[in-house]
Amino acid sequence: MTTPTYTDFYTLLPYLILTVWACVLLLVDLFIPVGRKGITAFLAALGIAVTLGFSITQIGAESVGFSSMVALDGFSTFANILLLSSGLFGIALAYGYTQRFNMVRGEYYILLLFSVSGMMLMAQANDLIIVFLALELLSIPLYVLSAISRKLTSEESGVKYFLLGAFASGFVVYGTALIFGATGSTNLAAIFAQAAAGVTSGLLLTIGAALLLVGFGFKVAAAPFHMWTPDVYQGAPTSVTAFMAAGAKIAGFVALFRVFATAFPSLAPELTTILWALSAVTMILGNLTAISQTNIKRMLAYSAIAHAGYILMAFVPYGNAKVAPTAIAAGLFYLVAYAVSNFGSWGVVIALEKAEGKGLEIEDYAGLAKKYPALAAAMTVFMLSLIGFPPTLGMVGKFYLFRSALAGGFPGLALIGLVTSLLSAYYYLRVVVNMYMKEGDPEIEREPWLALTTGFTAIATVVVSFVPQFLFMLAYTAVMR
Amino acid sequence: MLLEYIAIGVMILVATLIAFIAIGLGGLFGPKKPSAEKDTPYESGMNPYGEGTRRMPVRFYLVAVLFILFDIEVVFFLPWAIAFRQLGLFGLLEMVIFIVILLIGYVYAWKKGALEWE
C-alpha cells in the first residue's frame, strides 16, 4: 500500500476540484430557496471556471498518478479544457430554459457538474477500470438529467437511455474482463506491452477490444449502436440534449482515442477494417435518415450520428504510426468544431421552442430571417458549419479529416465522407431555406445567457476558421506529448 | 484430468433423462380432466383475487435506495476492519473520505424529506 504523493493529487487535480465542489454544492443547494436557484447555477459555473483555470495552468504538464491508473498529458488537458467549456455552455443554455419550462431544480446543475467530472476522469483514465468508473460517473447523471423535466416524453427518454446505456456498459465490462484474461492487466500500457511481446491470446484480446468498441460506439452514437439517439435527444429537455450531444460524444471519443492508441496498436490490422466499416455505415446511415426528418431535434440527432461517423474517420489509421498523430489531432479539432456548432444550433432551437413541445418543427423556422435577422444568420452559420461549407470551422475540420484519411491510405472513406457531406447539405439547407425564403411569424424567447452562447459560438465558428492553424497546432501538440 | 469428470457428466445426463421420462410418462398415461377451478393459479387453497402485479407506494423505493447506501458502506467496512493495522493512517483517511461522501448523500436525502413516511 503506497501513500499517495503530491504528484498523484496534481495529476488528478482538476477532477478532484470539480467533484469536491459538486459534493459541497449538493449540500449548499439544500439551503437555497426554490425561487433563487440562480445562485446554484452561478456557483456551479464558478466551480467549472475555477477548474478550467487550474486545467489551463496544467498545459504542458505531464505525469501519471495513483499507481499509473490516471494520466495527465497534453491530450487529457486539451480534452479537460474542451469538456469544461462544454459544461459552461451547458449551464448557460440551461439557466433560462429551466425557468421557462418550469423545471428549476438545483440538482440540474449539480448533476451536470458530476457528469463533467466523469468526462474528465474519462479523458485522464489510463486503466480500463478507471475507464469504466468514468463511464458510469458521466452516464448516470445524464440518465437522470434526461428525465428531469418529468414530462412523459422526458421520462421515456431517461428510461430508454438508462436501459440501453446500462446494456452498453455491460459490453465495456465484459470487454475489460476478456482483455484482463488475455493480458493479466487492465493498465493500458501494460496491455500494450503484453500484446507487443506476443505472449497473449490474440483472439481473446481482439474480442475484448471489439466489445470495448461496442460500448464506446454506443456512447458516441455510432451506427449500428445509434438506435437510442433520436428518441433520447428528442425526448430529453433541449438544454440537456445540447450538453449530452457534445459532452458524451467528446468523452466517448477521447476514451476511444486513448484506449486504442495506447493499448491496441498491435491489433490495428484486424480493427482497421471494423473501424472503416463503422465510420462508413455511420456517415451514410446518419445522413440518409436525417433527410426525412421534419422535427428539428430529431434532425439534429441524426446529424449527431452522422458526425460520429466523420470523427471515427480520424481514427481508422490509428495503427499507422506516421499518420496517426495528425489523424487524431484532426479528430480532436473536429470535436472542437462540432461542439461549438452543436451548442450554437441547439441554442437556436431553445430560443424557438415553446411549451407543450411547439416550435420544434423545421417549418416553424419560416420567416425567421425577416423578423430576427441576427438569430437566422447565426443558425445559417451553424448549418453551414455542420455541412462543412466555408467560411466555417466545420469546413476546416472536414478538410483535416479527409486529408488524414487520404494520407492513411483510405481514399474510399474520404470519398464516402465527401459524398455524404454533399448529401447532408439538403437537410441542413432546408432549415436555411425555411428561414429566408418562406413566410411565417415565429416567436422567440430572449434570454441574455442564451443570446450570449449563440452569439459567441457563431462568431467563433467563423473567426477561428480563418486561423485554424493555431487550433490545429494546439491539438497536434496535445497528441504528440 | 478431464476423464475424472466423466462420472459427473454421466450422472447429469442420466438425471436429466429420468426427469424427462417421468414427466413424459405422466403426460402420456395420466388422465386429463381440465376445469376452470383447476386452471386457476394456486394461492394456498383460497380463491385468488386481484392482479398478479400490485402497485407499491414509491416510498418503498426510497427506503430501498437508502438501504443500498448503508449496505454498501458496511460491505466496505468489513475488509477495512480486517486490514486496519496494515492500512494504518492512510486507510483511516480513505475511510473518512468514503463516509463523508456517503454522509453528504444522507444529509441530502434527509433534508429532501426521504426519511418521512407521510
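**Figure 1. A:Arg150 sits in the loop that links helix H6 (128–146) to helix H7 (152–183) of chain A.** Keep in mind that this is a predicted model. The backbone here does something a bit unusual for a residue that isn't glycine: phi of A:Arg150 is near 65 degrees, a positive value. For background, most residues other than glycine have a negative phi. Is A:Arg150 buried or exposed? A:Arg150 counts as exposed, because 12 other C-beta atoms lie within 10 Å, and a residue with 12 or fewer falls in that class.

**Figure 2. A:Ser67 has a positive phi too, in the loop between strand S1 (63–65) and strand S2 (70–72) of chain A.** Its phi is near 55 degrees, and again the residue is not a glycine. A:Ser67 is exposed, with 12 other C-beta atoms within 10 Å.

**Figure 3. A cis peptide bond joins A:Ala223 to A:Pro224.** Omega is near 0 degrees for this bond. As a rule, most peptide bonds are trans. Where does A:Pro224 lie? Look in the loop of chain A that runs between helix H9 (202–219) and helix H10 (228–235).

**Figure 4. The bond from A:Pro390 to A:Pro391 is cis as well.** Here, too, omega is near 0 degrees. A:Pro391 belongs to the loop between helix H16 (373–387) and helix H17 (393–407) of chain A.

**Figure 5. A:Ala168, in helix H7 of chain A, is partly exposed.** The count around A:Ala168 is 19 other C-beta atoms within 10 Å; a residue needs 20 or more to be called buried. Which residues touch A:Ala168, once neighbours within four places in sequence are set aside? They are A:Gly215, A:Phe218 and A:Lys219. For a sense of scale, pick out A:Ile328: its C-alpha atom is separated by 24 Å from that of A:Ala168, and the two residues are 160 residues apart along the chain.

**Figure 6. Helix H3 (residues 38–57) of chain A carries a set of buried residues.** H3(A) has 20 residues and reaches 29 Å from its first C-alpha to its last. That is close to the 28 Å expected at 1.5 Å a residue. Among the buried residues of H3(A) are A:Thr40, A:Leu43, A:Ala44, A:Gly47, A:Ile48 and A:Thr51. It helps to recall that an α-helix has 3.6 residues a turn, so residues three or four places apart point the same way. What covers the buried residues of H3(A)? The cover includes helix H2 (13–29), helix H4 (74–100) and helix H5 (106–124) of chain A.

**Figure 7. Helix H12 (residues 268–291) and helix H18 (residues 411–437) of chain A pack with their axes 9 Å apart.** The angle is about 15 degrees, which makes H12(A) roughly parallel to H18(A). Their crossing is left-handed. On the H12(A) side, the contact residues include A:Trp276, A:Met283, A:Ile284 and A:Asn287. They and their H12(A) partners meet a group in H18(A) that includes A:Leu413, A:Ile416, A:Leu423 and A:Tyr427. By class, the contact has 11 nonpolar, 5 polar and no charged residues.

**Figure 8. Helix H11 (residues 238–263) and helix H13 (residues 296–313) of chain A pack with their axes 12 Å apart.** At an angle of about 10 degrees, H11(A) and H13(A) are therefore roughly parallel to each other. A:Thr238, A:Thr241, A:Ala245, A:Lys249 and A:Phe253 of H11(A) meet A:Lys297, A:Ala304, A:Ala308 and A:Ile311 of H13(A). How do these residues divide by class? There are 5 nonpolar, 2 polar and 2 charged.

**Figure 9. Chain B touches chain A, with 8 residues of chain B in contact with 6 residues of chain A.** The chain B side has 6 nonpolar, 1 polar and 1 charged residues. Zoom in on H2(A) and helix H4 (residues 84–111) of chain B: their axes come within 9 Å and cross at roughly 25 degrees. H2(A) and H4(B) are therefore roughly parallel to each other, and the crossing is left-handed. A:Cys23, A:Leu26 and A:Leu27 of H2(A) make the contact with B:Ile101, B:Ile104, B:Val107 and B:Tyr108 of H4(B). These residues divide into 7 nonpolar, no polar and no charged.

Methods. Residues are numbered from 1 along each chain as its sequence is written. Chains are lettered from A and ligands numbered from 1 in the order in which they are written. This is a predicted model: local features need pLDDT of at least 70, side-chain atom pairs count only at pLDDT 80 or more; totals for chains, interfaces and linings use all residues. Axes are lines fitted to C-alpha atoms, for helices over the stretch in contact, and angles run from 0 to 180 degrees between N-to-C directions. Helices (H or I, at least four residues) and strands (E, at least two) are DSSP runs, numbered from the N terminus. Angles under 35 degrees count as roughly parallel, over 145 as roughly antiparallel, 65 to 115 as roughly perpendicular and the rest as oblique. A crossing is left-handed if the near helix is turned anticlockwise from the far one by less than a right angle, and right-handed if clockwise. Two residues are in contact if their C-beta atoms, placed from the backbone, lie within 7 Å. Ala, Val, Leu, Ile, Met, Phe, Trp, Tyr, Cys and Pro count as nonpolar, Asp, Glu, Lys and Arg as charged, and the others, Gly among them, as polar. The expected span of a helix is 1.5 Å times one less than its number of residues.
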